[in-house]
Amino acid sequence: MSNKLPISVIVLTYNEESNLPKCLESVKYFAGQIIVVDSKSADRTVAIAKEYGAEIYEHSFVNQAEQFNWALDNCHINGEWILRLDADEFLTPELAEEIKKTLPDISKNISGFYMKRRVYFMGRWIRYGGYYPSRFLRFFRAGKGRSEEREMDEHIVLLEGEHGHFKNDFVDDNHKGLSDWIQKHNNYSSREAAAGIRELREGVPARSGIWWLYQELPHFVRAFFYFAYRYIFRGGFLDGKEGLVFHFLQGFWYRFLVDAKMLEMRKNSDING
């Protein structure tokens, strides 16, 4: 008798041979379906996915939101529930067990669950700086959730119904190394800069909380403010040397780079009329 559950796991990939095995290993024992949407990987990503019995789809990448929504609309999803994971993420055994125990008794008015993310950087759990616990809606009934159509910082939102919370964590632990991390965030900064300029022109309201204050501050100054907020006032210094690297790069360098690219885009726009 199969012990697989009516859960379809969706993973978006591009050259993820170093991360994908741990991701799929964490769900293979209970997920009834694994779907991998690949963006023409040049490494062993697709071969690894096949080894785990995943259904493979290929689709050119635009951004995370578009890719995930394409998967919802075009893949043959047969699970009652959908679990969204990045290739460098995996479930802790405690969360996997919690999902298995919770699933049979979920109320019909609950359409999705938030999960706590635990980020590792250079092998260290980043626990401070306001970074843990961050909660994301990653588990939802098929047809009841969809990604926001944003170039960056997209989140899955419920179309209807209420949400619950799982107590245990999933882990974000990218094994590609610092150079890949920097290259990826350089690419992210271009997309976020373009989105930021468009949102300013369209008058898109800022998000609440610290991000409202962040967007009200002058460009460049706000990068200093955000790093100080995370590293000093939210205790990021407690994450040790690895935390210093992470909070500086992710909380200052990246934010400063976004502002620099926004400035460049504005200047190019003025030059080109």
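What radius of gyration would a compact globule with 273 residues have, and what does the protein chain have? The globule would be near 19 Å, and the protein chain has 19 Å, which agrees. Keep in mind that this is a predicted model.

**Whole chain.** Show the C-alpha trace first. Along its principal axes, the trace spans about 65 × 45 × 40 Å. Now switch to cartoon. You will find eight helices and eleven strands in the protein chain. Turn on contacts next. Among those with a separation of 6 or more, 73% link residues 24 or more positions apart.

**Surface.** Add the molecular surface. About 14,200 Å² of the protein chain is exposed, and carbon and sulfur atoms supply 52% of that area. Colour by charge. There are 36 positive and 38 negative charges, and their mean positions lie 3 Å apart.

**Inside.** Hide the surface. Of the 273 residues, 45% count as buried. Select Ile7, Val11, Val27, Leu83, Leu85, Leu91 and Phe139. These belong to the largest nonpolar core, which holds 32 residues, and they touch the most other members. Then select strand β1, residues 5–13. This strand gives the core its largest share, four residues.

**One residue up close.** Centre on Val11. Which residues is Val11 in contact with, leaving aside neighbours within four places in sequence? Leu20, Cys23 and Leu24 are among them. So are Ile35, Val36 and Val37. Leu85, Asp86 and Ala87 complete the set.

**Last stop.** Select Ile35, Tyr57, Ala71 and Leu137. They are included in a second, separate core of 14 residues. Ile35 is thus a member of this second core, and Ile35 is also in contact with Val11.

Technical notes: Residues are numbered from 1 along each chain as its sequence is written. This is a predicted model: local features need pLDDT of at least 70, side-chain atom pairs count only at pLDDT 80 or more; totals for chains, interfaces and linings use all residues. Side-chain values use heavy atoms; hydrogens and water are left out. A nonpolar core is a set of buried Ala, Val, Leu, Ile, Met, Phe, Trp, Tyr and Cys residues joined through side-chain atoms within 4.5 Å. Buried means under 20% relative accessible area, exposed over 50%, partly exposed in between (1.4 Å probe, protein chains only). Helices (H or I, at least four residues) and strands (E, at least two) are DSSP runs, numbered from the N terminus. Contact means heavy atoms within 4.5 Å. The radius of gyration is taken over C-alpha atoms; the globule rule is 2.2 Å times the number of residues to the power 0.38. Accessible areas come from the Shrake-Rupley method with a 1.4 Å probe; for residues, only the protein chains shown count as cover. Lys and Arg count as positive and Asp and Glu as negative; His and the chain ends are not counted. The place of a charge is taken as NZ of Lys, CZ of Arg, CG of Asp or CD of Glu.
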